[in-house]
Amino acid sequence: MTEPVRTLPSPTPSNAQGPVSDTYKGWLFKWTNYLKGYQRRWFVLSNGLLSYYRTQAEMAHTCRGTITMATVHIEVGDTCHLVLTSGGRSYHLKATSEVECQRWVSALRQAKANANQIMLHSDDSGDEGHLTQSDRALTQGVLKTLASKLDDLSTCNELIGKHGAALQRSLSELEDLRTPTDGTDKLKAVNERATLFRITSNAMINACRDFLDLAEAHSRRWQRALQYEREQRHHLEETIEQLAKQHNSLERAWRESPSTHNEVREGQQEEDTSDENEDIEFFDAMEDSPAFITVTATDSSHHRLSGSSQSIMSGGLPGDWSQESNDSSGSNHVQIRRARRSRIPDKPNYSLNLWSIMKNCIGKELSKIPMPVNFNEPLSMLQRLTEDLEYSELLDRAARCDSSLEQMCLVAAFSVSSYSTTVHRTAKPFNPLLGETYELDRMEEYGYRSICEQVSHHPPAAAHHVTSQRGWTLWQEITIDSKFRGKYISIMPLGSIHLQFHSSGNHYVWSKVTSTVHNIIVGKLWIDQSGDIEIVNHRTKDTCHLKFSPYSYFSRDVPRKVTGVVTDSDGTAHYILSGTWDDKMESAKIVESSRGCGGSEGKQKTVYQTLPPKLLWKKYPLPENAENMHYFSSLALTLNEPEEGVAPTDSRLRPDQRLMEAGLWDEANAHKQRLEERQRLERRKREAQATLALEEGREVESYQPLWFEKRTDAETGESSYVYRGGYWEAKERQDWSQCPSIF
């Protein structure tokens, strides 16, 4: 391995004099793939960004990757290794010595702290860059130097005035001389004072020259930097737009002759693998361990899985843990149920230049970006929220459990199952209008009925309440925080999900993980779920920690892996959970635990011996022709099916969504624009009324949802919207006089 050349400067102390370097540069080794291993790259840390290039010459035209320091996670490994994680992607780097590695870590941590400090004092526009701490230090140093030069000029000015006055007095005295003998001393004094005046004047001239030179030099430097940034931004926009055009051309060519292009792509695939996958996240592979699971624990009450998941083991599904057979429920199947639809019109094949719409939206909240229906699926966010109930039978089984720990396993499987429908669903649901509702009455089939309402528009927030005759109640308020980051879109659901079982009173609370849609500009869209879920039973204090591993092309683990540990109130682990969020989840009861060897960073490892795993949940297969029906599941196909007697604010009655489902996308876009403009007018009207109330000294009346109200949970202390009642009674009477006209 070639010895890298080190050019990273040492950090300048805060009390050092003179300008501070605003850039760290140097060679590091970066993991690329299994074929090439670690490759030397030139790294540049500047302006809150860590960029890398193959060579120093590439800095002028080609950047191989950029990491934003504000959101990066820095982890130091063994033997000069460090791992940077940002946006669901990991970068494995290696230095040539411990000293070099430590200097890079210090510089990276300082850059991260500076970037976070800047974010605290800036708005969330995301469109413009900001100066880092080192940039500010350099600017302040220049300003201090200029101020010092001004002080010199002021001092010279005072001296010129003083010596000029003295010279004037000497000349006056020389004129008043009466005898030539007195003139010799006076003339000597005049010459001395004239010399001082000349010296002071020269110093004044030199100080002025220094001030002007310094100001002009840095002015030119700043102008060059500004011009360079403008050119780089313009070049980047042109490059990405060109890539988007090429991508659209390739798609059209592939649709015209897919077989030919498949052969060409297969022939080129091996050649392009190493470069295309160079920046894909890498995880060190774990050894398979079918009978034991290794868990890294930072303390006795908080467990995180670090080992491989248990291998899938075949066998029967005993007792309460197995899923009920469809033909074993006896009299429940004697009832005649309503036939639900099993298909919708096929999705039209419309092409659209995504970059032309998204290039000005980087860093902005997704719900504030006006988009055509081409990027939507014909369901609203309220219906997507209701789709979490696809596997409600897991909660029915959990309600019959006597053990709270077994019940926790089923609740955890239910929380994972809600993501199974998203694996192919990269389209965006419709943003609900303020006051929009959605009901789902499945009392006959599954024993529950659900009601959702959009309780806020900015930020978008929806409240959801589900009541089941089979022993449980679920409620949640979810606020969606979504950002477009250029290469990917992050969707971060904020808020808690509450689940209470009627017989035991067990009250479970958890939140959702982050969803990320990749390849927004070029390539095939794909979605990933990553993050942690902490499920807490507030009655027994049992907990379950679930970890959704980010997808990695080079990991030996199964894709979309989910692992978890169920612990009691004392922190003792009882069950290990493993599986994938797009297929199934299993549980294994722990029978013995032992301390293993120490792990990295001083963490302790515990090895758990378990019984064979038992199936908790298995995903239903998608309906036939699902790929042409937005990859909807069987439940999703029925969510927008027309129903009689629903509220006039129900999502099923939204015209743009209905037209899109029918394949009339141009008409749908026209109605969508009309509804959004109407909603903006209503918002301005409410703002005007609030302003008038403030001017008149009256209390401002905020928007109040119709079916939900703000309450504080007695156990968690959280304030959220909960169901106030009255919807199903109003439906029974068919009295919708309170409902606003929003469509």
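**View 1. R654 and D656 form a buried salt bridge**. In this predicted model, both R654 and D656 are buried. Their closest N and O atoms lie 2.9 Å apart. The pair belongs to a set of 26 salt bridges found across the whole structure. Side chains of opposite charge can pair when their charged atoms come close.

**View 2. R658 and E661 meet in a salt bridge within helix α11**. The N to O distance is 3.2 Å. Helix α11 covers residues 655–661. R658 and E661 are three residues apart in this helix, so about one helical turn separates them. The two ends of the bridge fall in separate burial classes: R658 is partly exposed at 24% relative accessibility, while E661 is buried at 7%. Elsewhere, E377, R384, E387 and R425 are joined into one network by salt bridges that share partners.

**View 3. E58 and R64 are joined by a salt bridge**. Here the N to O distance is 2.8 Å. The acid, E58, is buried, with a relative accessible area of 9%. The base, R64, is partly exposed, with a relative accessible area of 30%.

**View 4. C544 is buried and has no disulfide partner**. The relative accessibility of C544 is 0%. The closest cysteine sulfur to that of C544 belongs to C409. The gap between these sulfurs is 6.9 Å, too far for a bond. A disulfide would need the two sulfur atoms within 2.5 Å. The structure as a whole holds zero disulfides. Another cysteine, C208, is partly exposed, with a relative accessible area of 29%.

**View 5. The largest cavity has a volume of about 90 Å³**. Five cavities of 30 Å³ or more turn up in a search of the whole structure. Rolling a probe the size of a water molecule over the atoms shows where empty space is left. Residues lining the largest cavity include D388, L389, F414, S415, S418 and Y419. Also in this lining are H464, L474, Q476, I497, W510 and K512. By class, the lining has six nonpolar, four polar and two charged residues. Two elements, α8 (404–417) and β15 (472–484), each supply at least two residues of the lining.

**View 6. Strand β17 pairs with β15 and with β18**. β17 spans residues 497–501. Four of its five residues are buried, so β17 is largely enclosed by the rest of the structure. Toward β15, β17 runs antiparallel, with five bridges joining the two strands. In this pairing, W472 stands opposite F501 of β17. Four bridges join β17 to β18 (residues 507–510), again in an antiparallel arrangement. L499 has Y508 of β18 as its bridge partner. In a regular strand the side chains alternate between the two faces of the sheet.

**View 7. G505 lies in the hairpin of β17 and β18**. The hairpin has five residues between the strands. G505 takes a positive phi near 80°. Either side of the hairpin also touches the cavity of View 5: I497 and W510 both line it. I497 falls within β17, residues 497–501, and W510 falls within β18, residues 507–510.

How values were computed. Residues numbered from 1 in each chain as written. Predicted model: local features only at pLDDT ≥ 70, side-chain atom pairs only at ≥ 80, totals over all residues. Heavy atoms only, no water. Buried < 20%, exposed > 50% of the residue type's maximum accessible area, 1.4 Å probe, protein only. Salt bridge = Lys/Arg side-chain N within 4 Å of Asp/Glu carboxyl O. 1 Å grid on protein atoms, 1.4 Å probe; cavity = no way out; pocket = protein on both sides within 12 Å on 5 of 7 lines; lining within 4 Å. Points joined across faces, edges and corners; volume = space filled by probe spheres on them. Nonpolar A, V, L, I, M, F, W, Y, C, P; charged D, E, K, R; others polar. Pairing = 2+ DSSP bridges.
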